[in-house]
Amino acid sequence: MRIVVIGAGVMGCATALELTRRGVRDVLVLERAVPGAEASSAAAGMLAAQLEAKDPVERAAFVRAREAYASWSEELREVAGVDIGYRRCGALDLATSEAEARRLAERVEADRAAGLRAELLDAAAARALEAGLSAEVTAAAWLPDEAQVDPPQLLRALVVATARRGVTVRSGATVSGVIEEAGRCVGVALDSREVIRADVVVLAAGSWSSLVPGVPSGLPKVRPVRGQLVMLEERPPRLSAIAFLGGTYVVPRGDGRVVCGSTMEDVGHRREVTALGVQSILAGALRIAPGLGAAEVSRTWCNFRPHAEGGPQVGASPLPGLFLATGHHRNGILLAKVTGDAVAAAVLAAG
Ligand SMILES: Cc1cc2nc3c(=O)[nH]c(=O)nc-3n(C[C@H](O)[C@H](O)[C@H](O)COP(=O)(O)OP(=O)(O)OC[C@H]3O[C@@H](n4cnc5c(N)ncnc54)[C@H](O)[C@@H]3O)c2cc1C
């Protein structure tokens, strides 16, 4: 069985890897630019299952995805020899008002009722855990099982692991069309006019997925939601847990790097870090931990979350032979392993 995957982001690479685990030998990943260079390497890397879930069903799925990382990080270390920076660093959801504290109390209660670890802390207890928190903080939900990875390392590991498992990743190969014959997807065309026939095509082109010609028009549109990030360097490192307040987060890597984010902008694929974006991220980060004011700004960047109406598009599509691994919006790193599993299983189940 020959399988072509469009896009070498975290979704395309994870799917390719899971296909090889199930014994598929001929997997070709086509990447128009550099493997992993788009949203996947740009992400903050939070595995924030409890923080990000909007309802109990999503929370159960997200927690399963987060827990899958413990063994996946080990496997990637063994196969690729790369440390993906997986750390169960915990997360603090912060409140600065009575109303926010009540919302956190409800969250903690719901998480505990679902069998998850969560604790409501008053200001003193929160600062005992993370001394650098602002005096504005009045309460916090402590979620000790939330975790993180270092996305550029994750993508390096995936690119090495897929190669070692026999996957071919072709860079500089832009798919210019999905080919349909007699109501079935039978391959792809490249902009070089080369045609590659395949038994199965997996669409994993991130926020560009709806722009690939030939993709069925009835599928939910995937649109880009720009996010900007700022990397700070604390010397010596002080913060240790992920912290969230009012739409801003800080993700300390443990070695002095602190990723601060992010914006959510509907501006198409405009690849710009803006003055307003950086200003709002830094204002939010300093509201969480004022000591970050002395940290060095070492890098800023942006990329595009693939947002699909109705949530991620995973598995079979209405066009036989075409499978989907796209539309993961804010949680594509978190959901990578379980998506790779689900798509590989769907491909093999379809025969
Ligand atoms: C600022 C920011 C912060 C984030 N933080 C987090 C986080 O903390 N935790 C989390 O879980 N998620 C986070 N995300 C979301 C996560 O990064 C994405 O959901 C995920 O990376 C999407 O992966 P992907 O493989 O679908 O897309 P991408 O990584 O964008 O990969 C798609 C690939 O397809 C290629 N491609 C496109 N069109 C074609 C074509 N025609 N032919 C060939 N190749 C093509 C592209 O070049 C690209 O390499 C964040 C995203 C952003 C932008």
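Reader: How many bridges join strand 12 to strand 19?

Author: This is a predicted model, where local features need pLDDT of at least 70, side-chain atom pairs count only at pLDDT 80 or more, and totals for chains, interfaces and linings use all residues. Numbering starts from 1 along each chain as its sequence is written, and side-chain values use heavy atoms, leaving out hydrogens and water. Strand 12 covers residues 200–203 and strand 19 covers 322–326; strands are DSSP E runs of at least two residues, numbered from the N terminus, and a pair takes at least two DSSP bridges. These two run parallel, and the number of bridges joining them is 3.

Reader: Which residue of strand 19 does L203 stand opposite?

Author: Strands 12 and 19 run parallel. Looking across to strand 19, L203 faces L324.

Reader: Which strands stand at the edges of the sheet?

Author: The open sheet has 6 strands in the order 8-2-1-12-19-18, with mixed pairing. Each edge strand has a single partner, so one of its sides is left without a neighbour in the sheet. Those are strand 8 (168–171) and strand 18 (313–316).

Reader: Which residue's side chain has an N or O atom 2.9 Å from a ligand oxygen?

Author: Polar contacts here are pairs of N or O atoms within 3.5 Å. Polar backbone atoms of M11 and G45 each sit 3.1 Å from a ligand oxygen. The side-chain contact at 2.9 Å comes from R32.

Reader: Which element gives the largest share of the shell around the ligand?

Author: The ligand has 38 residues around it, with E31, S40, H329, R330 and L334 coming nearest; a shell residue has a heavy atom within 4 Å. The largest share is 4 residues, and they come from strand 17.

Definitions and conventions
Polar contact = N/O pair within 3.5 Å; in protein donor to acceptor, adjacent residues only side chain to side chain.
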